Amino acid sequence: MSNAKAAAVIGLGVGAMLITQAGDPLDSVGSWYPIWSEMGLRGAPARAFFCFSVGVLFFAIGWLYRLFFSPLELLRSLEDVGYVEEDGRTKAQAANDARRRRKIGELPPVYPNGWYRVLDSHMLQRGEVKNVSILGEQVAVFRGHDGKAYVVDAYCPHLGANLAVGGRVFGNCIECPFHGWKFQGDNGVCVKIPYAEKVPDFASVRSWPTCEVNKQILVWFHCDGEEPQWIVPEQPEITNDEWVYRGRTEHFINAHIQEIPENAADIAHLSHLHTPGMLSGADLRYTNSKMWEFVQHDWKVEWKPESEPNKHCSQMFVKHALRVFGCHWPLLDVSVVARQVGPGIVFLLFDQTFLGRGVIMHCVTPVEPLLQCVTHTIFYQSNIPPVVPKFILKVECIQFERDVMIWNNKKYVSKPRLVKEDSAIQKHRRWFSQFYSENSPRLQYQRDKLDF
């Protein structure tokens, strides 16, 4: 239950208690009595009004607390964003129709090699296990009693039970809910079969290379089973709690994973798609409405890959300016350095004199070949009022959802017709190709439908 709802329930409960008690509640409010008497509120009407007033007061307190202090969490379901509902169709039907119409064409491999976010650290408590879909697999993510997070294949090799559905954590092992087989989190080896004298050597599940950094749990994927080839850099301000968690957004996108980071090199789309202000929303049919033309964003962007030993990284430098009624507001100018680490992680670093410093971690995790889970998690200076980073995250969410509407309805063009001003796109594709190997999995077929 949210803070606001809890406060309202408490308020209504207090009011109800006052209604049922004998006597006039106005007798206990002292100086308010003459005012309420002049309003003609006595007896039962007074008690009812008092109940309503207390409920509204507590609701307002809860709403203000949530606005100014609670993290902002916007979690969109698969069909919520980026689809056009017509002719009485539901959002789910519109999403399914868009998926069926999609032209697959010649796609790159669907699962690049690299690190991917599984969960935020605060979402997994000690001794807890969760079922997660990632890279076309079901995995069990659990935190052992040593405090470390482990990721193993979800299905027990014995008879296929899902370890994450009813499975229990014992020490640093997970127990199968079906027959009680116990598997170690660090290597997946079965260490106990309750009814067997000996545990056979073949009794094991795959254990995924895992790290926990920047208060996120990540797994390493490589199509050939190679060990991690780089580490995810630590953001020290997050580790030492100088920057604190202020919220996250989550979207599911029907597109190839490469489409999403490629936006960093597509400089031309910024001035066309993202110039309209946040007030015009995310629906591309209305973003260019003249009603909201008085607010506009200006963008200057440069993208470039890094060299050895960080060839798996690239950087985008963004200078953002806001214009209101044609006037530049320099106080709100923002410079952002977006550093991409591998195919699935981007650090969006903010440094602004007025708004302070912080980071949005943009993570893309493949769920299926053409289904991506994208999260934006913001950490910000602890001494900056929470409403500031929440506002930044909300603005970023609106701008991002404009891209979602494009991605959900486009196809991947393997040989695009580019002009010289699009040269960074081709450079980005060459840079991104390093995350594919000869055996990287490719899409073999197109599903007829998705059911939500």
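# Exercises on cores, strands and backbone angles

In the largest nonpolar core, which has 45 residues, Phe350, Tyr380 and Ile392 touch the most other members. The model is predicted.

**Exercise 1. Place the largest core.** Find which strand gives the largest share of this core, and state where the core lies relative to domain 1 and domain 2.

*Solution.*
- Step 1. Strand β17, residues 345-352, supplies the largest share, five residues.
- Step 2. Domain 1 spans 72-105 + 233-435, and domain 2 spans 114-221.
- Step 3. Both domains give residues to the core, so it lies between them.

**Exercise 2. Map the surroundings of Tyr380.** List what Tyr380 touches, leaving out residues up to four places away in sequence. Then name some members of the second core.

*Solution.*
- Step 1. Tyr380 contacts Glu242, Trp243, Val244 and Arg246, among others.
- Step 2. Its other contacts include Phe350, Leu355, Gly356, Arg357 and Gly358.
- Step 3. Val388, Pro389 and Ile392 are also touched by Tyr380.
- Step 4. A second core is separate and has 28 residues, among them Val132, Ala149, Phe221 and Ile257.

**Exercise 3. Work out the setting of β4.** Is strand β4 largely enclosed or open? Which way do β3 and β4 run, and which way do β4 and β5 run?

*Solution.*
- Step 1. β4 covers residues 137-143; five of its seven residues are buried, so the rest of the structure largely encloses this strand.
- Step 2. β3, residues 129-134, runs antiparallel to β4, with six bridges between them. Val129 has Phe142 of β4 as its bridge partner.
- Step 3. Two residues separate the strands in the β3 and β4 hairpin, where Leu135 has a positive phi near 55°.
- Step 4. β5, residues 149-153, is joined to β4 by five bridges and is also antiparallel to β4. Arg143 is paired with Ala149 of β5.
- Step 5. The hairpin of β4 and β5 has five residues between the strands, and Gly147 in its turn has a positive phi of about 90°.

**Exercise 4. Check the backbone in three loops.** Locate Pro309, Lys215 and Asp241, and describe the backbone at each.

*Solution.*
- Step 1. Pro309 sits in the loop between β13 (295-305) and β14 (313-324). Glu308 and Pro309 are joined by a cis peptide bond, with omega about 5°.
- Step 2. Lys215 is in the loop between β10 (210-213) and β11 (216-221). Lys215 is not a glycine, yet phi is positive, about 60°. Its relative accessibility is 36%, so Lys215 counts as partly exposed.
- Step 3. Asp241 is in the loop between α5 (236-239) and β12 (243-253). Phi of Asp241 is positive, near 65°. Asp241 is partly exposed, at 42% relative accessible area.

Technical notes:
Residues are numbered from 1 along each chain as its sequence is written. This is a predicted model: local features need pLDDT of at least 70, side-chain atom pairs count only at pLDDT 80 or more; totals for chains, interfaces and linings use all residues. Side-chain values use heavy atoms; hydrogens and water are left out. A nonpolar core is a set of buried Ala, Val, Leu, Ile, Met, Phe, Trp, Tyr and Cys residues joined through side-chain atoms within 4.5 Å. Buried means under 20% relative accessible area, exposed over 50%, partly exposed in between (1.4 Å probe, protein chains only). Helices (H or I, at least four residues) and strands (E, at least two) are DSSP runs, numbered from the N terminus. Domain bounds come from an automatic or database domain assignment. Contact means heavy atoms within 4.5 Å. Two strands pair if DSSP finds at least two bridges between them.
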